[in-house]
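I open this notebook to record what I look up, entry by entry. The topics are strand pairing, a surface patch, a pocket and a cavity.

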Amino acid sequence: MSDVVDAPAGHPIAAVQPVAASLLKLIREDIGCVRLRDPAARSELETLLTYPGVHALIWHRIAHRLWNADWRFAARLLSWFGRFLTNVDIHPAATIGHRFFIDHGAGVVIGETAEVGDDVTLYHGVTLGGTSWSPGKRHPTLEDRVVVGAGAKILGPITVGRGTRVGANSVVIESTPPEVTVVGIPARVVRPELTHRRVVGRIDLDHHLM
């Protein structure tokens, strides 16, 4: 069954329907991925009602569309409201892919020009921050399937390669290759691709082995 009611071509609602359907699909994916990444999650209803990271992402999905439609003040106001409720600060201009999960959802900051790929997981206290007053790209890009441990800071217009794991409290200031583990201040590769553990369909929760 369709999530929206069909409207005649040219009707104002007809232009809104694809956007609403796309937004709803994204939010459903965000909710559905949680049980694969958090063993404490018992149901999608519980996830929707009790996970602040999910709530923050829902507010961001809406604010991001307002931002792209040039409703900048409304987008910033909605973003502030989401931060007030969840303690997660995501700039409405930040680009976030499919099935994004913020576990524990406290103290996360995602800057204006940050780009986040698909199937990315952040833990609490993560910052995707800028290091310049330049009006251009100044925040990091996280490629698909990146996992960032609690308290880590990823700073500047750098790229964290697909499948990379960033250890807790690390500070990443240089781009990383794909499928590695980086740890430290500043972060360095400690586990290359050939020794990188894979858990099909889930994320690797063995943080003590990073």
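Entry 1, strand pairing. I looked up Val148 and found that its bridge partner in β12 is Val166. The model is a predicted one, which I note here for every entry that follows. I then looked at the two strands as a whole: β9, residues 147-148, and β12, residues 165-166, run parallel and are joined by two bridges.

Entry 2, the sheet. I traced the strand order of the open sheet and read it as β3-β6-β9-β12-β14-β15. The sheet has six strands, and its pairing is mixed. I asked which strands stand at the edges. They are β3 (101-102) and β15 (188-191); each has a single partner strand, so one side of each lacks a neighbour in the sheet.

Entry 3, surface patch. I turned to the nonpolar surface and recorded a patch of about 710 Å². Its members are Phe73, Leu77, Trp80, Phe81, Phe84 and Leu85. I placed Trp80 in helix α5, which covers residues 72-86.

Entry 4, second largest pocket. I met Trp80 again in the lining of the second largest pocket. I noted about 170 Å³ of space in this pocket. Besides Trp80, the lining comprises Arg76, Ser79, Arg83, Asp89, Ile90, His91, Pro92, Val109, Ile110, Gly111 and Glu112. Two or more lining residues come from each of α5, β1 (89-90) and β4 (109-110). I asked which element gives the largest share. Helix α5 does, with four residues. I sorted the lining by class and obtained five nonpolar, three polar and four charged residues.

Entry 5, enclosed space. A general remark precedes this entry: rolling a probe the size of a water molecule over the atoms shows where empty space is left. I counted cavities with a cut-off of 30 Å³ or more and obtained one. For the largest cavity I recorded a volume of about 60 Å³. I listed its lining as Ala56, Trp59, His60, Ser79, Gly82, Arg83, Val88 and Ile90. The elements that give two or more residues to this lining are α4 (52-68) and α5. By class, I noted four nonpolar, three polar and one charged residues.

Entry 6, cross-check. I compared the two linings and found Ser79, Arg83 and Ile90 in that of the second largest pocket and also in that of the largest cavity. I noted further that α5 gives two or more residues to the pocket lining and two or more to the cavity lining.

How values were computed. Residues are numbered from 1 along each chain as its sequence is written. This is a predicted model: local features need pLDDT of at least 70, side-chain atom pairs count only at pLDDT 80 or more; totals for chains, interfaces and linings use all residues. Side-chain values use heavy atoms; hydrogens and water are left out. Patches are made of residues with over 30% relative accessible area and no salt bridge: like charges are joined within 9 Å, nonpolar side chains (Val, Leu, Ile, Met, Phe, Trp, Tyr) within 5 Å. Accessible areas come from the Shrake-Rupley method with a 1.4 Å probe; for residues, only the protein chains shown count as cover. A salt bridge is a side-chain nitrogen of Lys or Arg within 4 Å of a carboxyl oxygen of Asp or Glu. On a 1 Å grid over the protein atoms alone, a cavity is a set of points where a 1.4 Å probe fits but cannot get out, and a pocket is an open set with protein on both sides within 12 Å along at least five of seven lines; lining residues have an atom within 4 Å of a point. Grid points are joined across faces, edges and corners, and a volume is the space filled by probe spheres set on the points. Ala, Val, Leu, Ile, Met, Phe, Trp, Tyr, Cys and Pro count as nonpolar, Asp, Glu, Lys and Arg as charged, and the others, Gly among them, as polar. Two strands pair if DSSP finds at least two bridges between them.
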